[in-house]
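Student: I am new to this structure and should like to learn how to read its features. May we go through them one at a time?

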Amino acid sequence: MRSVKVPAAERADPAPSKWRYRWERLWLTPLFRSLIRTGIPSLAVVAVFTWYINDDARVAAILDGWSAFVKEVQNRPEFVVSELQVEGASEELRSDIEEALPIDLPLSQFQLDIENLRALLLELDPVETAEVRIRTGGVLLLKVTERDPAVAWRRPRAVELLDATGHRVATLDDLSEAGSLPLIAGEGADRQVPEALALIEAAAPIADRLVGLTRVGNRRWDVILTGDRRIALPEEAPAAALDRALAMHAAKDVLNRDVTVVDLRLPHRPVLRLSEPARTELRQLRDLERLSYAERKE
């Protein structure tokens, strides 16, 4: 079979056209491919979205729909808190807690600020520690630890119960309500409760006659005893000074004599202040001694 020869002018050119060549070269560029595949569609989506939300009515409808959806989820029965449970509190403190916390049950647990509730509990004077959590079954648990009153602080117009750190626990209308708690008084006594408790413990040998402690000048303590007696302690090392007073009493029965003040403010020079009858008697004895001495001399 004889082949037919095609003229050279009619043969197809295998090389691409100039525009096709430029397009293929451009398509090989990574930045251009990313722009075509990602950039332009993204810009189109942003443009459509911007056009759509550029209408206040549409935006309001979207927000209302979202709020309704969120509220519907939050108000589902499994998320509703319907019971309040308080542990570790007395009846009086329980009543104070219920009045202090702004909780109106039933309420969705998503509307409860746990940390704020805990902070409100710690603001109550009788509360030392507080734990707030939600139990299964829609129970809001408030677990507190009450402060134990250690002393009664007598003030001009009230009596306050303080714990061992000096934190206020409660206010009493009458001193008789304090019971057997140790009594302290004076300005600044609440800031020195640990030291006062140490002195009260050191005064255990004379606990039967101990009335309390008075803070003098917000600097030092006086130990108040029955019979209008007192022991004046120094600013420095008051417990050691009190031990010396107790040693003097054990050796000389000082506190059973006509002594109103045992002054230990000077460490090496204790001073005993006698009662007025004792001073009068002492003056009379001195006068008799002078008279007797004068008569013997004549």
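Tutor: Let us begin with a term. A residue counts as buried under 20% relative accessible area, as exposed over 50%, and as partly exposed in between. Please keep in mind that this is a predicted model.

Student: Is Leu-175 buried, exposed or partly exposed?

Tutor: Leu-175 has a relative accessible area of 29%, which lies between the two cut-offs, so the residue is partly exposed. Leu-175 sits in the loop between β8 and β9. Apart from neighbours within four places in sequence, Leu-175 is in contact with Arg-154, Val-159 and Leu-183. Its C-alpha atom is separated by 9.0 Å from that of Glu-160, the two residues being 15 apart along the chain.

Student: What share of the chain counts as buried, and how many helices and strands are there?

Tutor: Of the 298 residues, 26% count as buried. The secondary structure comprises eight helices and 14 strands. As for contacts with a separation of 6 or more, 43% of them involve residues 24 or more positions apart.

Student: How should I read a sheet, and in what order do the nine strands of the open sheet lie?

Tutor: Strands of a sheet pair through backbone hydrogen bonds, either parallel or antiparallel. Here the order is β8-β7-β6-β9-β10-β11-β12-β13-β14, and the pairing is mixed. The edges are formed by β8 (168-172) and β14 (271-274), each of which pairs on one side only. On average, neighbouring strands of this sheet are turned by 25° against each other, direction ignored.

Student: Which helix packs on the sheet?

Tutor: Helix α6 (residues 193-202) does so, touching β6, β7, β9, β10 and β11. The direction of α6 makes about 145° with that of β10.

Student: In which sense do β11 and β12 pair, and over how many bridges?

Tutor: Strand β11 (residues 220-225) pairs with strand β12 (residues 229-232) in the antiparallel sense, over four bridges. Val-223 has Ile-231 as its bridge partner, and Asp-222 stands opposite Ala-232. The two strands form a hairpin with three residues between them. In the turn, Gly-227 has a positive phi of about 75°.

Student: How does β12 run relative to β13, parallel or antiparallel?

Tutor: β12 and β13 run parallel and are joined by three bridges. Ile-231 stands opposite Val-262 in β13.

Student: What is the general idea of a nonpolar core, and which residues of the largest one touch the most other members?

Tutor: In soluble globular proteins, nonpolar side chains tend to be buried together. The largest core has 27 residues, of which Ile-184, Leu-213, Trp-221, Ile-231 and Leu-233 touch the most other members. At least two residues of this core come from each of β6, α6, β11, α7 (238-252) and β13 (259-263). A second, separate core has 16 residues, among them Leu-93, Leu-112, Leu-117 and Val-132.

Student: How is empty space found, and what is the volume of the largest pocket?

Tutor: Rolling a probe the size of a water molecule over the atoms shows where empty space is left. The largest pocket has a volume of about 360 Å³. It is lined by 16 residues, and those closest to its centre are Glu-92, Asp-96, Pro-126, Val-169 and Ala-170.

Student: Which element gives the most to that lining?

Tutor: Strand β8 does, with four residues. Both α4 (91-100) and β8 supply at least two residues of the lining. Thus β8, an edge strand of the sheet, also contributes to the largest pocket.

How values were computed: Residues numbered from 1 in each chain as written. Predicted model: local features only at pLDDT ≥ 70, side-chain atom pairs only at ≥ 80, totals over all residues. Heavy atoms only, no water. Pairing = 2+ DSSP bridges. Axes fitted to C-alpha atoms, helices over the stretch in contact; angles between N-to-C directions. Contact = heavy atoms within 4.5 Å. Core = buried A, V, L, I, M, F, W, Y, C linked by side-chain atoms within 4.5 Å. Buried < 20%, exposed > 50% of the residue type's maximum accessible area, 1.4 Å probe, protein only. 1 Å grid on protein atoms, 1.4 Å probe; cavity = no way out; pocket = protein on both sides within 12 Å on 5 of 7 lines; lining within 4 Å. Points joined across faces, edges and corners; volume = space filled by probe spheres on them.
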